[in-house]
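Here are some notes for a colleague who is opening this structure for the first time. They are set out as numbered points, to be read with the sequence and the model side by side.

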Amino acid sequence: MLGRNHAGCMSGGTNYFDSVGSIFSNKDLLRIETVPESDDRIIGRGDQLSELASELGSAIEGQKPNNVFIFGKPGVGKSMCAKFLGRQLVERGAANGVSIGVAYVDCMQNSSETQVVVRAGELVNDPDETDITFPSGGVSRSRLYDRLWNAFDQFYDVGVIILDEIDKLDSPNETLGTLSRAGESEKLSDCHLGVVGISNKARFENRLTSEVRSSLTQNELVFPPYNINELFNILKARRDAFNPDVLPSDARALDDIFATAAKFAAQEYGDARQAIDILRKTGEIAEREGADVLTTSHVERALDKAEEDKLVKMMQTQPVQSQYVMQSVALTTDDADPGEDVKSHDVYSKYEQITQYEDTNTLSWRRVRDLLDELEDLDVLDQRRKGAGKGKGTYRSIYLADSPETVLRACESVTDGG
Ligand SMILES: Nc1ncnc2c1ncn2[C@@H]1O[C@H](COP(=O)(O)OP(=O)(O)O)[C@@H](O)[C@H]1O
Ligand SMILES: [Mg+2]
């Protein structure tokens, strides 16, 4: 079937941009960094938003906001909610005649204490109006801190520093200690400062000294993972990322698309980032094919791609011999008849062939067995011990978690360096 946009070339020959742009009407809605304009796209985080708002709320009256510590697994809306409320806080403050400065610093990108201070400084400073600068070298850390306090004092009645991914900080106690106690230690003269620290790891708290803990983690907010219904609703609330005419007109077919993607993300623990990624990939696959309407088959292919990407990531961390073992299991599985056991000795013969072909050393069966056990621990395959028949001992039957095609494609992109 030809796609919707194969007619009407303007310049001669193939127009390579033809299929681009027909599926999405607002792809930004499916980008992870995008913070929704309005909270009707934010699903199931009403309690967390209200709690965070009440910790920060005194800012609107020109008073010091509380320090807050947020934690939860990746993809549960921590960054989004913090940025969303940061923006709302600035607006509500302005409406009240209070100028509030919010600096969002991603500690993944800025992991040293100096980088954090420089980044926050750049965000609150307006170099056209002050002679304060934040060079990344040549100025001592304590001077940089002084400049940061200065910038806050000059521009704002209240400041909020959102430190995201604080588990990535090189020296969390120093950085969080100085920032979260800036108010008490009278570093600032006019501005009142609060700190929101966000972590993906609950146990990160144990790495903090009791002083830092008492100033930062007094007010703790936990973001739980999403259930499948919440994931479904999160995706459905972003359906206008797509052109209306590429969405199935049948309501059930439409829901199936979001449900299929939500089910996948719910299997692990309920990560909205994964769910949104799948929906974006679904559209990209349909776009590449020049499809007229999105179907669950596009979602399924996006899921395969996501599985493959995950496998590639995992296999990149494995020794090359484990990769040969995975490849051997996949090839043996591919050769087996449907329902037939994939036997360990067949896998080992395949492994011998591959390593000979690759001109590399061939490990003993004992070592390969250990590698299979390690791969089983990583949940990429499963092994069952079976009797080969009376007096014939036992063998292992091996099952891949993913399809052999997916595993082979993953093996290929690992060896290609992808
Ligand atoms: N409750 C929600 N409603 C709508 N979208 C959400 C929700 N939670 C997360 N998202 C989306 O999922 C993605 C990941 O969320 P994010 O805030 O980055 O997670 P975290 O910071 O907890 O790792 C973002 O694109 C975000 O917009
Ligand atoms: Mg985040």
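1. In what follows, a residue is called buried when its relative accessible area is under 20%, exposed when that area is over 50%, and partly exposed in between. Please keep in mind throughout that this is a predicted model.

2. With that cut-off in hand, helix H5, which spans residues 172–180, is a useful place to begin, for its buried residues are Pro172, Thr175, Leu176, Gly177, Leu179 and Ser180. The cover over these buried residues of H5 includes three helices, H3 (113–124), H4 (141–155) and H6 (210–216), together with two strands, S3 (158–164) and S4 (192–199).

3. Turning to the chain as a whole, the model contains 14 helices and seven strands, and its C-alpha atoms fill a box of roughly 85 × 60 × 45 Å when taken along the principal axes. Of the 418 residues, 45% count as buried. Among contacts with a separation of 6 or more, 72% are accounted for by residues 24 or more positions apart.

4. The accessible surface of the chain comes to about 21100 Å², and carbon and sulfur atoms contribute 45% of that area. As for charge, there are 47 positive and 70 negative side chains, and the centres of these two sets lie 5 Å apart.

5. Where do negative side chains form a patch on the surface? One such patch is made up of Glu300, Asp304, Asp334 and Glu405. Of these residues, Glu300 has its place in helix H10, which covers residues 296–316, and Glu300 is partly exposed, with a relative accessible area of 43%.

6. Side chains of opposite charge can pair when their charged atoms come close. A search of the whole structure finds 22 salt bridges, and the next points take up a few of them.

7. A first example lies within a single helix: Glu122 forms a salt bridge with Arg119, and the closest N and O atoms are 3.0 Å apart. Both Glu122 and Arg119 belong to helix H3, where they are three residues apart, or about one turn of the helix. Glu122 counts as partly exposed at 42% relative accessibility, and Arg119 likewise counts as partly exposed, at 30%.

8. Which parts of the chain does the pair of Lys201 and Asp167 tie together? The two residues form a salt bridge whose closest N and O atoms are 3.3 Å apart. Lys201 lies in the loop between S4 and H6, while Asp167 lies in the loop between S3 and H5, so the pair ties together parts that are 34 residues apart in sequence. The partners differ in their cover, because Lys201 is partly exposed, with a relative accessible area of 47%, whereas Asp167 counts as buried at 9% relative accessibility.

9. A further salt bridge joins Lys281 to Asp309, with the closest N and O atoms 3.7 Å apart. This pair links distant parts of the chain, since Lys281 sits in helix H9 (residues 272–289) and Asp309 in helix H10, 28 residues apart. Asp309 is partly exposed, its relative accessible area being 31%.

10. Finally, salt bridges that share partners join Lys27, Asp277, Arg280 and Glu284 into one network.

Key: Residues are numbered from 1 along each chain as its sequence is written. Chains are lettered from A and ligands numbered from 1 in the order in which they are written. This is a predicted model: local features need pLDDT of at least 70, side-chain atom pairs count only at pLDDT 80 or more; totals for chains, interfaces and linings use all residues. Side-chain values use heavy atoms; hydrogens and water are left out. Helices (H or I, at least four residues) and strands (E, at least two) are DSSP runs, numbered from the N terminus. Buried means under 20% relative accessible area, exposed over 50%, partly exposed in between (1.4 Å probe, protein chains only). Contact means heavy atoms within 4.5 Å. Accessible areas come from the Shrake-Rupley method with a 1.4 Å probe; for residues, only the protein chains shown count as cover. Lys and Arg count as positive and Asp and Glu as negative; His and the chain ends are not counted. The place of a charge is taken as NZ of Lys, CZ of Arg, CG of Asp or CD of Glu. Patches are made of residues with over 30% relative accessible area and no salt bridge: like charges are joined within 9 Å, nonpolar side chains (Val, Leu, Ile, Met, Phe, Trp, Tyr) within 5 Å. A salt bridge is a side-chain nitrogen of Lys or Arg within 4 Å of a carboxyl oxygen of Asp or Glu.
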